[in-house]
Amino acid sequence: MITKVSLIVPVYNNEKYIGKCIGSILNQTYKNIELIIINDGSKDNSDNIITNFQKTDERIKYIKQENSGPSQARNIGINIATGKYLMFIDSDDTVDKYYVEYMLKEIESNDYDIVCCGYKDISRFGVVKCNDFSFDLQEKMNKFTFFEHVCNGTGGVLWSKIIKKQIVDKNQLNLDKDIFMCEDLIFILEYISKCKSFSVLNKYLYNYNRLNDLSISSNISMNYVENHINVCKKINDILKYENYKKENIEMIILMKIQSIVISILEKQGNNLYKIGLKKCTKNITDILEIEYISLYIDKFNTDNKLHKPYITFIKNKNITLALIYSYLINKINSKRRGLKYRNIKEAGEL
């Protein structure tokens, strides 16, 4: 019997890219797939595009729901999937035509519970090959090694992975609808906690599209910060339950908190003239005074030369200087990226 693979794609207002996404999936060299598309209440032309594809390929299952968020959409996909394996794809991304074939071959080669692959980061500044799991394939992989890699970079995303439907069903795993960012990280950690074998495929089979990046929000919502704090707490609970070393858990949470704070500083610095230095300073100060975050500030540390000034300013409570520094770095990086973009365009690579 030929193994079936279920590919789950949530869609919300993505008429610009959904056609390319679906096309890349239907063009897979491995044909025994079912493509489950969940339209999360789109108001644009996404429905017509999906419907036209559905008319031409019986492997497509198309579900519509009122806007409930990507977690609910993916949970629906998981529930109706009939494949032995699950794969997730974001609706603005595409995949290599060998994506399913190579990932399936790897997971079945030694009955692995999960396989991850590399991806191509595509932005208007070019294409960069990435692999958050690029360690020596000869080293013995275990649950804790995978935990560490999942908690770094984009390792915790659902895409670029293939997992077993049986493990998901047996443990009644689903995505937390109350978390609106990094919900996939929590799902992946919970899934890995039930796994016994792991593998990494050193091929770049997933195309992560950042051409569709939304403009940075002028104001940072406290809900955004609270969401990330809840994610950190859930990470702690999962790793603690798995008897992961306390000091390692602390380091993972510390790096998460530090990354969140620096990311917010960078975003506020980018909007300095839009909302004003006074407002930006208050936004950052309010965040740093949150008890959960303030407990980690004295432990902030980095080898990243560009981030070192942030750490110094934060520890010394020089938030205004941190924002000015962020604004200047954003300006410099913007000019460099613009130059790189022009060079790439002139070379005909875009």
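Student: Which residue stands opposite L86 in β8?
Tutor: L86 stands opposite I163 in β8, and I should say at once that we are looking at a predicted model.

Student: In which sense do β4 and β8 pair, parallel or antiparallel?
Tutor: The two strands, β4 and β8, are antiparallel and are joined over 2 bridges.

Student: And how many bridges pair β6 and β8?
Tutor: There are 3 bridges between β6 and β8, again in the antiparallel sense, and among the residues involved V115 has I162 of β8 as its bridge partner.

Student: Which way do the residues of β8 point?
Tutor: In strand β8, which covers residues 161-164, K161 and I163 point one way while I162 and K164 point the other way, and all of them are buried, the two lysines K161 and K164 included. That is the general pattern, since side chains in a regular strand alternate between the two faces of the sheet.

Student: What does β9 pair with?
Tutor: Strand β9, residues 198-209, is joined to strand β5, residues 94-95, by 2 bridges, and these two run antiparallel. Strand β6, residues 114-123, is joined to β9 by 9 bridges, and here the strands run parallel.

Student: Where does Y206 come into that?
Tutor: Y206 of β9 takes part in both pairings, as it stands opposite V95 and is also the bridge partner of Y119.

Student: Switching to helices, which residues of α3 are buried?
Tutor: In helix α3, residues 70-80, the buried residues are S71, A73, R74, N75, I76, G77 and I78. They pack against the strands β1, β2 (33-40), β3 (60-65) and β4 (85-88), and also against the helices α6 (165-170) and α7 (183-192).

Student: What about α5, which of its residues are buried?
Tutor: For helix α5, residues 143-150, the buried residues are T145, F146, F147, H149 and V150, and they pack against β6, α7, β9 and α8, the last of these being residues 222-241.

Student: F146 again: which residues have the most contacts inside the largest nonpolar core?
Tutor: That core has 73 residues, and F146 is listed with I114, F187, I235, I257, I293 and F300 as having the most contacts inside it. Helix α9, residues 246-270, supplies the largest share of this core, with 10 residues. Apart from this core lies another one, of 37 residues, and I50, I60, Y62 and I89 are among its members.

Student: What is I257 in contact with, leaving aside its neighbours within four places in sequence?
Tutor: With those neighbours set aside, I257 is in contact with C232, Y292, I293, Y296 and F300.

Student: Since C232 came up, how many disulfides does the structure hold?
Tutor: The structure holds 0 disulfides.

Student: Why is there no bond between C182 and C232?
Tutor: The closest cysteine sulfur to that of C182 is in C232, but it is 8.4 Å away, which is too far for a bond.

Student: Is C182 buried or partly exposed, and what about C280?
Tutor: C182 is partly exposed, with a relative accessible area of 26%, whereas C280 is buried, with a relative accessible area of 0%.

Student: New topic, backbone angles: what is phi for N13 and K317?
Tutor: N13 has a positive phi of about 45° although it is not a glycine, and K317, also a residue other than glycine, has a positive phi near 60°. For background, most residues other than glycine have a negative phi.

Student: Where do those two lie?
Tutor: N13 is in the loop between β1 (5-11) and α1 (18-26), where it is partly exposed at 31% relative accessible area. K317 lies in the loop between α13 (308-315) and α14 (319-346) and counts as exposed, with a relative accessibility of 71%.

Student: Stepping back, how many helices and strands are there in the protein?
Tutor: The protein has 14 helices and 9 strands. Its radius of gyration is 21 Å, close to the 20 Å that the globule rule gives for 350 residues, so the protein is as compact as a globular protein of that length.

Student: And how much of it is buried?
Tutor: Of the 350 residues, 50% count as buried, while the protein exposes about 18,200 Å², with carbon and sulfur atoms supplying 48% of that area.

Note on methods: Residues are numbered from 1 along each chain as its sequence is written. This is a predicted model: local features need pLDDT of at least 70, side-chain atom pairs count only at pLDDT 80 or more; totals for chains, interfaces and linings use all residues. Side-chain values use heavy atoms; hydrogens and water are left out. Two strands pair if DSSP finds at least two bridges between them. Helices (H or I, at least four residues) and strands (E, at least two) are DSSP runs, numbered from the N terminus. A nonpolar core is a set of buried Ala, Val, Leu, Ile, Met, Phe, Trp, Tyr and Cys residues joined through side-chain atoms within 4.5 Å. Buried means under 20% relative accessible area, exposed over 50%, partly exposed in between (1.4 Å probe, protein chains only). Contact means heavy atoms within 4.5 Å. The radius of gyration is taken over C-alpha atoms; the globule rule is 2.2 Å times the number of residues to the power 0.38. Accessible areas come from the Shrake-Rupley method with a 1.4 Å probe; for residues, only the protein chains shown count as cover. A disulfide is a pair of cysteine sulfur atoms within 2.5 Å.
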